[in-house]
Every structure is written in structure tokens, then in C-alpha cells.
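Biologist: Please take me through this model, one point at a time. I would like the reasoning along with each value.

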Amino acid sequence: MSTNGTREASDGGGAGAAKEAKPRSMYIVIFSLMIAVLLAMLDNMIVGTAMPTIVGELGGLEHLSWVVTAYTLTTAASTPIWGKLGDMFGRKGVFLTSIVIFVAGSVTSGAAQTMGQLIGFRALQGLGAGGLMVGAMAIMGELVPPRERGKYMGMMAGVMSLAMIGGPLVGGTLTDHLGWRWAFYINVPLGALALAMVTTVLHLPKKPRQGRIDYLGAGLLTVGITAAVLVTSWGGTEYAWGSGTIIGLAVVAVLAIAAFPLVERRVSEPILPLGVFRNLNFTLVTVIGFLLGFVMFGAMTFLPLFQQSVQGASATNSGLLLLPVLLPMMLVSVVTGRRTTSTGKYRAYPIIGGALIPVGLFLLAQMDVGTSRVTSGLYMAVLGAGMGFLMQLTMLIAQNSVEVKDMGVASSTATLFRTIGGSFGVALMGTVFATQVKDSMRENMAGAGASGGKAAEKIMSGGAQLDADSLAKLPTRIREAYEQAVASGSHHVFLLAAGIAVFCFLAGWFIKEVPLRGAESAKAEPDGSAEPDGSAGTTEAGDAGDATDATDGSEAAEALTGKEKEPVSDGRASIKA
């Protein structure tokens, strides 16, 4: 620190600051961010296992899907808005607000007396959830320099995997022993812990941004996302794809999304600055994130169905069915995160992951009624390893491609595109799967008698509950026909996903190895990954973006010590002794 009490923002690039910060405080903040990520990931996994009990008590079976849809809609629609609000008004306050809203939604959902109330409170809960993941990633992006960020993001991926594995187990235990309401109440102590830890330990400098909130852009984006999610959620299930409702929603989505960039170019503080897409790396990892969401959520949906319907696995421990995917994904994410931190190199990982994912999906497409669980587990491990190379690395590259002032935008955009990709993936694969199962059943049961034909029609119309126990009670011919139909549907779904995943591999080759600026770096070098006419709102990923990233990372690290910063006339940061 200089004699006048002013520390240059670029002095040492943050190395000294990172070392000055109390390690215990840093770990406490990281731990609190992991709790927030756990809340966001765990909720749906826990609630899913409680749904049969909820319907049994509250009724409203015909509205059951809205318990999930309401949460998904508000989460997706609010994600980019949370990110921008954090950029404009300070990440800590916005993040704490999202935790409070999520916990409030959890309490009210647990106290719901009707299905309509539960759906409304789930929408409130989803509104808070939209800010949890984005807030955690953006704060980490501001707190930790890019070079050090890989290992922490690998840990985040591990938390996500644990939530997906343990969520159904926790949900089943809570529902059986304490009642379904505790599937929501469990979020209260976790949320309170995260709230207390962030409030007391994290002291990020407030950096209010001038300019008005882009209400029109936020409205258009919300309408576009909501309509798109409803199309993917309702198409082929609640309504036929050619119905007026689905076509109308699709038109609304297209018009809103088409009008959105026209508005964003004319406002001073756009919800989503279009200039960030002029950075090649940012655009590429956004596309990869969309494709990754497409194949990942699709695979996670149909793999358990194949295991239960064809291989006779029990649905009781549904989280364990995906262990061959999730465990390699978690291990690879942690290892690649640490390797990225130690070497600063990452370009090979998107290429390797982009190659393993289509290979794993192609192998899964070869499964049939005779495939053993060991063989399918090995195929799943290939897919999981591929996803591990990409899960958190795409977020790291996206954050490394923008200035810290746009960290929330980068985090929310990466999260949003992965979510939308997942919605489209599940919808498209679901249509392909359902069509193929019906065609296969009709073909296999063509020679069956009247009773066999009626049973087959009941299965195809979704009127039968076809878990492993129910399948075992079916006549042998019908059961075998259904198993073959599911295997055929799975083959087509995974083949489609493999073809889509090839584009991940192709996009990975165009990512440029922009040095991840470490905390010790004083200056950054240009990377040339952005177009020459890049907007003022975006810098080269290895240029001012990394320099600012490292600088703000040092400022945030110093903030953990409890010191406060004040802006000074020369634009540098000062620290009160």
C-alpha cells in the first residue's frame, strides 16, 4: 500500500491481496457458495421423490406437472435478470436476496394446503433459485482470479453430482419418516446457514452502476424464455405439436426473442449486452453449453427409464442408477479443475470432452434387451467423463472472456443457455422416444389377441404404471414387446444425441488458448479472440478482461479481511487501514 493510503488496482495483479486474505474466510465463503449451489440442485431431486405422496394428500393429479413447470419457468426467466442486477447493484446484496426468496418459497411450499398454492409457492421458490447458481458463480468469478478458479469450479461440479446422486435418497428418507413437507423445509436450515456465512464473512465493495434498469428488454426476454420453455414442456404431452396453443406459444417466443436484440442495442444498460458475443471464446462456450444441456438432460431422463424398464432396476434409489455417469463426471471435473489451476492450460479439455460425449452416446445407442448392467455402466462412464471435461470449464471460459463488470451476465448467460438446451433436449428426445415406442409396440403386438391388443394400447397411451414390479406382472409376450420397444426408443434417442454432440467436438477445436491470468500477474496480453470491432462493453478474454478479473479478484479477496474500499478520483481502489 502506498503512503497516501491508495493501492493501485494493478499492483501485483492481486497476488499480495490473495495472500493477505484470511484463508479461513476464503474457505468459509466458498463453502457458503457451495451450499447455495447445493440448494439449487438438490431441491428438484428431493421433491421428485415426494411427488406421489404430495398428490395423495393434496390431490390435483391433473396439475402435477405444473409443480415442476412453475419452478422451471421462473428459474429460467429470472436467471439473466439476476445476473444483470448483480452487475449493476452489487453481487452480495442481490445474492442474499435470492437466498431469502428461495427460503421463503421453501417455507410456503411446505405449508401449502392445496395443489394450486403449492404451484404458486414453487414459482416463488424458482424465482429465488434463478439467482442462487448465477450469484454463486459470479461471486466466485469476482473473488477468485481465473487461474485459481478451476479447482473451485471442479469442487462445484462435485457438489452438483452429489446432489443428483443423494437427492432422491434424501427425499425418500424425509418423506417416509418426517413427511413430504420436510422435502421443502430441509432448505430452511441450509439457506439460513448460507445466509449467515455470506452476511458475516463476505464484504464485496459496492459498485453501483449508472443507468436505468432495462425493463423492456427484461420483459421481452422473460416472455421469450417463458414461451419457449412452455413449448418444450407442453409439446407432445399436454398438447399436440401442431395444436394452436403450441404454435401460438412458438410464435410468441420467436417474436419476443427477435425483438430483444433490437431493444438491447438502444439502451445504456442492456440486460444482456450483445457485445459479449463478439468474443469468439464466449460465443463458442455458450453454444457448447446449449448442446451440453441438450444431451446431458436428455440422457439423464432416458437412462433410468431404460434401466428400469429393460434391465429391471428398481426406481427406489433412482439417484444410484446414474452413479456410473455422475461419479466419473465428478472425478474428471475435480481433476481438470486442479490441472487447469496448476498449468493454466485448458484448450485440450473441450476437445477431449467433445469427443468422449458422442462416443459415449453412440455406445449407449447400441444397448438392447440383452445388454448387461456392467456393460451399460461402462458406456455411461464414458459419457460421464466427457461431461466432466465440459461441465465447469465452459463457465470458466465464459467468465474469462468478459470484464468483471459483466461477470453476472457471463454467468447467467452460460446457465440460461444450458437450461434452455436441456428443455429442448428433453422435449425433442421425448417426442422421438414416444413415437418409436408406439411404432415398435404396434409392430411387435400385431399378431396378439384382443386382450393383448388392449394391454398394448393401454401401455402406449400411458395408462399403465410400468415400473419393474408392474412389468413383471404383465404377460410374457407383452412384457418382452415393451422391453424391445423401450430399447428401440432408447437407441434412437441416444443416436440423435450423439449426432447433436458432434457439434460440441467441432466447436471445441475453435476455442483459443487464452492465458488464465493468475493473481500474480500485473498486466494481461491481448488474445485476439474477439472481433476487431468488439463493443466497448467487452474486452479480449486475455486482455483487459483478465486484468480486470484478476484485479477485482484481489479486491474481493482483500474484502474478506473486513477492510472496506472507497473509490478515489483516479479510479483506483483505496483501502481503509
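The questions below cover a surface patch, two helix pairs and some buried residues.

Biologist: Which helix gives the largest share of the nonpolar patch on the surface?

Modeller: Bear in mind that this is a predicted model. The patch is formed by L169, L320, L323, L327 and L331, which together have about 370 Å² of accessible area. Of these, 3 residues come from a helix spanning residues 323-343, and that is the largest share. The helix is α13.

Biologist: Does L327 count as buried, partly exposed or exposed, and what is its relative accessibility?

Modeller: L327 is found in helix α13 and belongs to the nonpolar patch. Buried means under 20% relative accessible area and exposed means over 50%, with partly exposed in between. L327 therefore counts as partly exposed, at a relative accessibility of 36%.

Biologist: Are α14 and α20 roughly parallel or antiparallel, and what is the hand of their crossing?

Modeller: Helix α14 covers residues 348-365 and helix α20 covers residues 476-508; their axes are 8 Å apart. The two pack at an angle of about 165°, and angles over 145 degrees count as roughly antiparallel. So α14 is roughly antiparallel to α20. The crossing of α14 and α20 is left-handed.

Biologist: How far apart are the axes of α5 and α6?

Modeller: Helix α5 runs over residues 115-143 and helix α6 over residues 146-177, and they pack at an angle of about 160°. That angle makes α5 roughly antiparallel to α6. Their crossing is right-handed. The distance between the axes of α5 and α6 is 11 Å.

Biologist: How many residues of helix α16 are buried?

Modeller: Helix α16 spans residues 393-400 and is mostly covered. Its buried residues include L393, M395 and I397, and also the polar-lettered positions T394, Q399 and N400. The count of buried residues in α16 is 8 of 8.

Biologist: What separates L284 and A507 in space, C-alpha to C-alpha?

Modeller: L284 is found in helix α11, residues 280-309. With 13% relative accessibility, L284 counts as buried. L284 and A507 are 223 residues apart in sequence, yet their C-alpha distance is 6.2 Å.

Biologist: What is the relative accessible area of M441?

Modeller: M441 is found in helix α17, residues 407-444. Its C-alpha atom is separated by 8.8 Å from that of I478, which is 37 residues apart from M441 along the chain. M441 is buried, and its relative accessible area is 0%.

Technical notes: Residues are numbered from 1 along each chain as its sequence is written. This is a predicted model: local features need pLDDT of at least 70, side-chain atom pairs count only at pLDDT 80 or more; totals for chains, interfaces and linings use all residues. Side-chain values use heavy atoms; hydrogens and water are left out. Patches are made of residues with over 30% relative accessible area and no salt bridge: like charges are joined within 9 Å, nonpolar side chains (Val, Leu, Ile, Met, Phe, Trp, Tyr) within 5 Å. Accessible areas come from the Shrake-Rupley method with a 1.4 Å probe; for residues, only the protein chains shown count as cover. A salt bridge is a side-chain nitrogen of Lys or Arg within 4 Å of a carboxyl oxygen of Asp or Glu. Helices (H or I, at least four residues) and strands (E, at least two) are DSSP runs, numbered from the N terminus. Buried means under 20% relative accessible area, exposed over 50%, partly exposed in between (1.4 Å probe, protein chains only). Axes are lines fitted to C-alpha atoms, for helices over the stretch in contact, and angles run from 0 to 180 degrees between N-to-C directions. Angles under 35 degrees count as roughly parallel, over 145 as roughly antiparallel, 65 to 115 as roughly perpendicular and the rest as oblique. A crossing is left-handed if the near helix is turned anticlockwise from the far one by less than a right angle, and right-handed if clockwise.
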